[in-house]
Amino acid sequence: MHGGPCGSARIFLAESTKTMVFFLQMVFAGLSVGAVYALIALGLNLTFWTTRVLNFGQGSVLMIGAMLTAVLIGYGVNLLLAVLIALVATCLVLIITEVVAIRPLLKAGGSMGWVVSTLGVGVFLQGLASLVFGTQAVAFPDVLFSSSATLQIFGAWVSVQYIAVFVICVVIVGLMELFLRRSTWGYGVRAVAHDRELASLMGIPVRKVVLLSFAVSGLLAGVAGILVSQISGTVDPGFGLHLLILAFVAAVLGGMGSAVGALIAGLGLGVLEKLIAGYYSPAAAQTVAFVLLVAVLAMRPQGLLGKKEMVKV
Amino acid sequence: MNPLHMLGKAISSPWLVGGVCIAAAAGASFADQGTVQMWCFLIVNIMLAQSINVLTGVAGQISLGHAGFLAIGSYAAAILLKDYGLSFPVAVVASVLISAAVGYVLAIPSGRVREFYLAMMSLAFGLIVYELVREWRGMTGGVMGMRGIPSPGLGTLEVFGWGVSPEWYFRIMLVSLIGMMIMLRNFIKSHFGRAFYAIHVSEIAAGSLGISSGGTKRFAYALSGGIAGLAAGFYAFLVGYITPESFTLMRSVEILVMAVVGGLGSLAGQVLGAGLFTYLPQQLQAFNDYQYIVYGLILVFSFTLLPRGLAGLLGTQTRYSKHDQLSGQVPGLDTVLSRRSGSGQALVEVCDVVMSFSGLRALDGVSLTVRRGTVTGLVGPNGSGKSTLVNVISGMYTPTVGDVYFKGEKISGWPAHRVARAGVTRTFQDPRNVPSFSVRENILMGAHRLYTHGAFAASVNSAGAQREEGRFLACTQGLMEAAGLSAYADDPVGDLPYGIQRLVEVARALASDPELLLLDEPAAGLSDTEAERLMALIRMARDHGVGVMLIDHHMDFLEELVDEVVTFDAGQEIYRGDMAGMRDDPSVIEAYLGKEETSHA
């Protein structure tokens with residue numbers, strides 16, 4: 001009789017610990033993918049600042065980075081060399097995108113041309129990857145630690161890869177913020193973002209700044225593609241579109257204006273997504289992210305953390 | 001004449017199109033089932049391409065998720081017929097309405113964001129719909145797809161007890177397509193089509209004519225969704241088996257490619273684009289292997305290499321007025337403007353308005369009244385706040401402090417299109433016409449706020465719609481004569497000299513039959529003859545009781561017209577009175593020429 005209430009309390013405690021651990025695991029997973037969203041969002045932001053263009057093909061750039069790394073390592077290429085080649089490739093892809101699919105269409109004015117052409121680059125890359133590597137998913141090798149290594153945090157077992165991905169993303173976003181605020185190139189990017197013509201008149205090499213922003217955006221996309229594949233374990237030619245959209249949601253929530261805004265929004269979105277996916281279903285998580293996007297654009301288009309843009313007549 | 005253009009003319013002739021349609025409808029009885037099925041797929045694709053065309057080609061909004069509409073419409077039609085026992089026509093109509101409603105909801109944020117945000121949203125939309133139909137097994141059958149949808153191919157589709165054979169299904173589709181295309185053509189030629197195109201070119205200029213950019217975009221998305229829903233309704237029963245894999249991103253890309261290659265903005269072009277990409281994969285096995293690569297390359301290069309698609313090559317062009325349909329029926333008019341009484345009454349009152357931009361005060365406590373039937377001149381050095389005042393009155397800016405009243409009603413804070421609809425029309429410092437529209441179409445667009453007939457009346461060319469369009473075409477004719485523009489009536493405005501473009505913009509403003517007319521430097525860059533015509537137009541407006549506010553730097557020009565002149569410097573009024581007094585006023589002289597050094601002997 002005495003053991004009754006005590007025992008059920010213990011069971012209750014065990015149950016609540018279990019739910020707590022599950023909750024924490026979802027939060028850690030969310031922080032990890034959220035940090036990747038922030039990284040992709042930063043890549044989108046960079047080129048948006050310098051050219052007012054959003055790269056609709058960025059999803060495929062992530063894929064190229066991850067796919068090349070996986071395939072090269074599969075051929076026995078040294079790990080670091082494989083990553084290096086993949087990152088050089090993603091930088092080149094974005095520079096080529098700028099030259100072929102964006103610059104000629106900016107002259108025409110309006111956004112329709114470059115929306116369609118950057119999407120075209122993405123579709124082309126996806127088609128090319130399917131042709132060269134096949135349409136099947138490729139297992140992604142362990143680039144950072146082993147997938148079985150785990151650490152216990154607050155009672156929850158967390159994969160070391162998750163932690164590594166989180167740390168790398170946060171460090172890169174921090175470095176980018178510093179780079180934008182302190183370096184000469186960073187000043188250049190911000191000047192071009194503020195007023196392209198004025199920057200040109202002030203002697204800032206606008207063309208070089210724009211190309212640099214695309215190269216760095218490609219670099220960030222490559223890194224993000226590799227990191228996210230490390231978490232998910234596989235990569236296929238169609239991979240990337242979800243990430244592009246979630247990163248865009250993060251960029252919009254963060255106000256399209258700052259690296260820190262994108263980071264906060266990305267982390268929040270990642271945690272939200274994992275929690276909904278964990279407790280309900282992955283499709284519900286996608287839908288919630290989409291509804292969030294529609295709601296924010298309808299009510300606060302400058303984003304939750306952004307400043308209002310003045311339209312000049 | 002360019003041989004390609006001759007070909008274009010031939011294939012867009014109603015006789016040829018009608019002949020081909022009748023031949024196909026009759027031939028369906030003799031062709032084998034596979035061929036008829038192909039024709040049906042062609043019709044589905046033509047409808048989908050038109051759906052993109054109306055949204056992207058005409059209204060300038062981009063959809064990268066059209067497969068989402070196709071999926072929603074197809075599943076809705078199939079479920080309604082199969083599980084709820086609705087009859088085939090009702091299911092198709094429901095598919096149209098549901099897809100249109102989804103389009104409308106999707107475009108809710110459209111009034112506040114630029115089009116590429118919507119493009120990204122549409123991409124996300126396509127993806128979400130794909131995910132949802134996979135997940136929602138109870139309703140859609142999940143990844144296994146939905147089987148057993150009544151289909152003419154299996155002889156299981158019935159309409160009121162009559163079994164629909166494949167050839168009759170094709171005939172029903174063909175008639176629907178023709179009906180849809182005719183209605184769409186009439187719609188595009190109406191004030192709705194002009195409004196769609198106006199927001200495509202410039203939302204600001206469209207707003208100044210009373211066209212709401214948010215409302216127009218929502219309408220465009222709803223219409224586009226509805227047309228895609230029509231295609232979807234037919235598609236579901238045509239195939240009899242639908243799976244989520246029919247509605248991937250690549251399907252959206254394929255639809256976009258058809259529309260882009262066919263030629264955005266051209267109705268006939270869409271038929272060609274859809275035809276090409278329905279038959280190419282059938283004829284060319286290699287095409288299938290490289291499909292995505294080919295689509296990708298087409299999307300990358302088509303806007304630079306072939307911006308107007310096949311339609312551009314063939315020289316077919318969509319006209320945005322019913323001038324061609326109604327010529328001969330246009331009534332004569334004695335006057336193009338309403339005669340308004342109450343000359344001298346206050347029309348617009350600006351009360352203590354301050355407009356500051358991050359600390360800089362472009363207007364600093366301005367008060368002013370414009371009266372009916374008078375011309376008020378606004379003079380001042382560059383940057384003194386004249387254009388800002390026009391922007392504040394016309395609703396482009398909301399004043400930081402102070403109010404604007406129009407006919408006693410407070411209008412400050414209203415969106416620009418609402419101010420314009422109330423009867424305030426403005427022109428811009430740099431003319432903002434639609435460059436590809438003819439002079440006639442541009443001026444006719446000015447009358448937008450006066451139209452009363454609805455979208456359905458416009459689509460079926462009802463008697464009322466024809467009467468109204470005819471009346472405004474007559475007004476346009478009268479304005480072109482008054483402004484000396486008749487010789488250019490059917491020339492694209494973008495190709496005409498600058499002075500003519502300015503006159504077109506003023507004539508367009510007058511076509512709105514305004515009560516208050518705000519002209520921002522209308523005489524800049526005009527030749528003497530053109531300036532004379534401009535003066536005649538302004539006098540005509542004044543004599544009909546319009547209140548005119550006129551910004552200009554030409555003193556001789558103002559001298560001829562103004563009743564009162566107000567001079568600004570640094571956002572403040574420094575002089576008010578007649579022209580002669582202004583020339584001698586020391587503060588005006590100082591503002592323009594700077595302070596004179598007083599020398600002491």
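Helix pairs whose axes make an angle over 145 degrees count as roughly antiparallel. That cut-off is handy for the predicted model described here, beginning with a pair of helices from its two chains. Helix α11 of chain A (residues 282-299) packs against α6(B) at an angle of about 155°, and their axes lie 10 Å apart. The two helices, α11(A) and α6(B), are therefore roughly antiparallel to each other. The crossing of α11(A) past α6(B) is left-handed.

A look at the side chains helps to fill in this picture. From α11(A), the residues A283(A), Q286(A), T287(A), F290(A), L293(A), V294(A) and L297(A) take part. They meet Y117(B), M121(B), A124(B), I128(B), E131(B), L132(B) and E135(B) of α6(B). By class, this helix-to-helix contact holds ten nonpolar, two polar and two charged residues.

The helix pair can now be placed in the wider contact between the chains. Chain A brings 37 residues to this contact and chain B brings 39 residues. On the chain B side, the elements that supply two or more residues are α6 (115-135), α12 (249-262) and α15 (291-305). Of the residues on this side, α6(B) gives the most, with 13 residues. The side of chain B that touches chain A is made up of 29 nonpolar, five polar and five charged residues.

Within chain B, the domain assignment gives domain 1 (3-318) and domain 2 (346-593). The centres of these two domains of chain B, taken over C-alpha atoms, are separated by 41 Å. Their contact draws 20 residues from domain 1 of chain B and 24 residues from domain 2 of chain B. On the domain 1 side, two or more residues come from each of α8 (166-188), α9 (191-201) and α10 (203-207) of chain B. Here α9(B) gives the most, with seven residues. The side of domain 1 of chain B that touches domain 2 of chain B divides into eleven nonpolar, eight polar and one charged residue.

Chain B also holds an open sheet of four strands, in the order β4-β3-β6-β7, with antiparallel pairing. Strands β4 (360-371) and β7 (409-410) of chain B stand at the edges with a single partner strand each, so one side of each is left without a neighbour in the sheet. For β4(B), nine bridges join this strand to β3 (residues 346-357) of chain B, and the two run antiparallel. Opposite L360(B) in β4(B) stands F357(B).

Methods
Residues are numbered from 1 along each chain as its sequence is written. Chains are lettered from A and ligands numbered from 1 in the order in which they are written. This is a predicted model: local features need pLDDT of at least 70, side-chain atom pairs count only at pLDDT 80 or more; totals for chains, interfaces and linings use all residues. Two residues are in contact if their C-beta atoms, placed from the backbone, lie within 7 Å. Ala, Val, Leu, Ile, Met, Phe, Trp, Tyr, Cys and Pro count as nonpolar, Asp, Glu, Lys and Arg as charged, and the others, Gly among them, as polar. Domain bounds come from an automatic or database domain assignment. Axes are lines fitted to C-alpha atoms, for helices over the stretch in contact, and angles run from 0 to 180 degrees between N-to-C directions. Angles under 35 degrees count as roughly parallel, over 145 as roughly antiparallel, 65 to 115 as roughly perpendicular and the rest as oblique. A crossing is left-handed if the near helix is turned anticlockwise from the far one by less than a right angle, and right-handed if clockwise. Two strands pair if DSSP finds at least two bridges between them.
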